[in-house]
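The following explanation goes through the pockets and the nonpolar cores of one protein model. Please keep the sequence and the coordinates at hand while reading.

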Amino acid sequence: YASDLETGATYARQARYMMEFANRLVIADVYTASTRLPLTFRWSKEGDPTNWTDSTAGEADILETGDVITGLGRVGPNMVIFKSDSLHFYTRSGTSTAPYTKTGERRNIGNIAPYSIAQVLGTCVFIWRDDIYIINGDQAESIGAQIRHKLFDMTESTELTKAWGYYNFDEHEV
């Protein structure tokens with residue numbers, strides 16, 4: 001069922017992306033007051049997506065790369081935070097007050113179309129500037145060879161950022 005994330009919406013205000021990871025609600029690209037924080041992700045108290053002030057809730061900024069967050073996904077037991085030109089990988093730390101540990105990052109590959117991220121068979125498929133990719137472990141691999149040229153020739157780059165991805169379970173295709 002759906003419930004209010006928080007009364008007053010101070011911490012979870014206008015989150016652009018959200019997902020469950022490690023029994024917490026994770027949100028990214030959020031607002032504080034009237035300021036957008038496109039490099040910030042936050043997590044709620046474990047087991048309570050409405051509690052953002054507990055000592056086990058928190059936030060982090062991804063400052064290693066200046067590009068903005070464009071989505072969240074799950075790859076196996078890990079979380080990936082997509083940015084427009086980089087991928088950032090996190091795993092569970094085992095510490096309640098700092099529940100996530102960064103395990104790696106990939107630069108010069110990212111996600112330009114936030115809604116193109118599709119969860120498929122325990123990993124993610126997404127669109128970057130030149131192709132369609134799938135994450136294998138912590139590596140992005142091209143899978144768009146059959147449609148790449150047609151898709152990118154027919155679509156302006158500004159329109160490509162509005163592309164949607166989804167997994168068609170009945171046909172086993174993305």
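In the second largest pocket, β5 gives the largest share of the lining, four residues. The model is a predicted one. Both β5 (69-75) and β1 (17-21) supply at least two residues of this lining. The space in the second largest pocket comes to about 240 Å³. It is lined by 13 residues, and Tyr17, Met18, Leu72, Pro114 and Ile117 are the closest to its centre. Sorted by class, eight residues of this lining are nonpolar, three are polar and two are charged.

The largest pocket has a volume of about 390 Å³. Its lining holds 17 residues, with Val125, Ile132, Ile147, Tyr166 and Val174 nearest the centre. Eleven of the lining residues are nonpolar, five are polar and one is charged. Here the largest share, three residues, comes from β10.

The strand β10 also matters for the count in the largest nonpolar core, where it gives the largest share, four residues. That core has 22 residues, and those with the most contacts inside it are Val80, Phe82, Leu87, Cys124, Phe126, Ile127 and Ile135. At least two core residues come from each of β6 (78-83), β7 (86-92), β9 (118-120), β10 (123-127) and β11 (132-136).

Phe82 can be followed further. Beyond its neighbours within four places in sequence, Phe82 is in contact with residues including Leu87, Cys124, Phe126 and Ile135. Leu72 and Ile117 are also among the contacts of Phe82, and both belong to the residues closest to the centre of the second largest pocket.

A second core is separate from this one and has 15 residues, among them Phe21, Val26, Phe41 and Tyr90.

Terms used:
Residues numbered from 1 in each chain as written. Predicted model: local features only at pLDDT ≥ 70, side-chain atom pairs only at ≥ 80, totals over all residues. Heavy atoms only, no water. Core = buried A, V, L, I, M, F, W, Y, C linked by side-chain atoms within 4.5 Å. Buried < 20%, exposed > 50% of the residue type's maximum accessible area, 1.4 Å probe, protein only. Contact = heavy atoms within 4.5 Å. 1 Å grid on protein atoms, 1.4 Å probe; cavity = no way out; pocket = protein on both sides within 12 Å on 5 of 7 lines; lining within 4 Å. Points joined across faces, edges and corners; volume = space filled by probe spheres on them. Nonpolar A, V, L, I, M, F, W, Y, C, P; charged D, E, K, R; others polar.
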